[in-house]
Amino acid sequence: MDKLLFCGENLTIMTDLIENGYENKFKLIYFDGPFNSGRIFAIETPELGVNLIQSTNELETMNQYLNPSLYVDEYKKRFLLAKKLLREDGVLVVQNSNKEVHAIKIALDEAFGRKNFLNEYIWKFANESSSLDHTEYNHHNHEAILFYRNTFTEVKKKININHTVWDDVGMYEELFLENTNYPSQKPEKLIRRILEMTANKGDLIGDFYCGSGTTVVVAEKLGLNWVASDINLQAVSLTKSRLSNAGVEVEVIFLETDDIAVIKVPVIDKNGISTTMTTEIEKPKIVEIDGEIKLIVSNPFEWILHNIQHVEKKDEEYIFDWTNICKKIDYIIKKIGDDWIIRIEDNGNHRLAHDIFGHPYKLMKSSGYEIQNGSPLELRVESSP
Ligand SMILES: C[S@@+](CC[C@H](N)C(=O)[O-])C[C@H]1O[C@@H](n2cnc3c(N)ncnc32)[C@H](O)[C@@H]1O
């Protein structure tokens with residue numbers, strides 16, 4: 001059974017999967033990635049009074065919003081990787097909003113071939129129209145879901161859905177008990193429909209923008225094999241705990257390895273976030289002193305700075321308030337003291353500690369809790385399905 005949950009950049013994950021025997025293995029790949037609304041996908045933490053997001057992800061969102069062709073180029077790279085991962089009779093399903101779906105469709109036509117477009121379905125996500133930008137015309141209450149087959153072979157629908165406007169699969173406002181408060185979480189009923197249309201029990205499916213993990217939760221219910229990933233540390237923890245609530249225990253595979261001593265980040269100072277200049281910061285180190293596991297953070301201000309939200313989007317602009325950011329960081333430093341670790345998981349031969357931002361630090365048991373070198377990805381993806 002394949003149940004692989006990755007945390008990291010999906011470009012790297014999909015490339016590694018191709019190199020590790022997963023080419024032509026997927027029956028369905030579902031992309032519910034960013035919609036280029038410019039909204040920062042940060043996670044609220046009422047306890048700390050800040051929203052969490054890694055500065056590299058935040059900058060990427062801003063850059064793509066300010067330069068939309070970058071946004072489409074990034075997707076196109078991933079469409080080409082998805083095409084390699086899909087079986088001949090595989091299907092790629094891409095969800096997007098009214099703002100970018102036309103550009104995304106052109107990129108899909110280029111990557112998959114226009115003749116392989118199967119259909120567009122419309123998901124009604126709310127009763128009332130919403131307006132993301134405060135303009136007269138930008139009211140909408142639907143998202144588009146595009147289906148492409150990999151090759152020009154007949155792809156049978158597994159269930160008979162003949163209507164193209166879906167107002168019968170739940171809405172954002174109807175999540176009720178399913179609601180995890182993860183931004184843009186999809187209803188299980190919507191995902192169930194997509195999976196039932198495209199995959200049979202035992203097939204392998206992939207969701208490389210898994211967010212709160214709705215796809216894998218439904219995949220489990222349908223007896224499908226799955227691979228999922230998200231770049232956001234909190235999203236992956238949420239997916240893991242949703243699976244655990246459903247009685248499925250998985251170990252997250254982190255691309256961020258412990259042997260990395262420095263992390264590349266955008267330059268952030270009183271002038272704002274630089275969109276072009278990057279610098280390197282030291283990654284905290286995990287140590288065990290007298291049986292107690294501690295994180296050594298050499299520069300707490302810097303570490304916090306690169307893990308919290310910095311900008312607010314107001315209409316078409318990003319607002320940056322350095323004084324407020326500094327105040328928040330000072331507050332966090334006082335509040336946590338040197339208690340950076342929030343959770344330690346026992347995973348058999350090693351322990352995994354997570355800091356308050358979700359960053360993982362691996363401690364090997366057999367070697368006296370020494371930090372393990374090497375990529376966990378290589379270790380895990382050793383057998384092909
Ligand atoms: C719209 S949300 C997905 C919601 C999900 N379908 C659900 O039901 O919860 C998009 C997700 O894509 C993730 N993401 C954005 N860029 C990514 C990348 N390059 N690699 C991996 N994940 C990415 C974000 O962190 C976010 O969780």
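**Exercise 1.** Let's start with a strand pair: find how strand 21 and strand 22 pair, and over how many bridges.

*Solution.* Pick out strand 21, which covers residues 350–355. In this predicted model, strand 21 runs antiparallel to strand 22, and 5 bridges join the two. For one spot along the pair, look at His350: opposite this residue, in strand 22, stands Met364.

**Exercise 2.** Now place that pair in its sheet, and work out why strand 20 and strand 22 each have one side without a neighbour.

*Solution.* Begin with the order: the sheet is open, has 3 strands and reads 20-21-22, with antiparallel pairing. Next, check the edges: strand 20 (341–346) and strand 22 (360–364) each have a single partner strand, so one side of each has no neighbour in the sheet. Finally, follow the twist, which averages 20° from one strand to the next.

**Exercise 3.** Which element gives the most to the side of domain 1 that touches domain 2?

*Solution.* First get the bounds: the domain assignment puts domain 1 at 3–254 and domain 2 at 262–380. Then count the contacts: 27 residues of domain 1 meet 26 residues of domain 2. On the domain 1 side, strand 4 (50–52), helix 2 (55–66), helix 7 (233–245) and strand 13 (252–254) each supply at least two residues. Helix 2 comes out on top with 6 residues. As for the mix, that side has 12 nonpolar, 10 polar and 5 charged residues.

**Exercise 4.** Find which residues come nearest to the ligand.

*Solution.* Go through the 20 residues around the ligand: Asn10, Tyr209, Gly211, Ser212 and Thr214 come nearest. Then sort the shell, which gives 7 nonpolar, 9 polar and 4 charged residues.

Key: Residues numbered from 1 in each chain as written. Predicted model: local features only at pLDDT ≥ 70, side-chain atom pairs only at ≥ 80, totals over all residues. Domains from an automatic or database assignment. Contact = placed C-beta atoms within 7 Å. Helix = DSSP H or I, 4+ residues; strand = E, 2+ residues; numbered from the N terminus. Nonpolar A, V, L, I, M, F, W, Y, C, P; charged D, E, K, R; others polar. Near = placed C-beta within 6 Å. Pairing = 2+ DSSP bridges. Axes fitted to C-alpha atoms, helices over the stretch in contact; angles between N-to-C directions.
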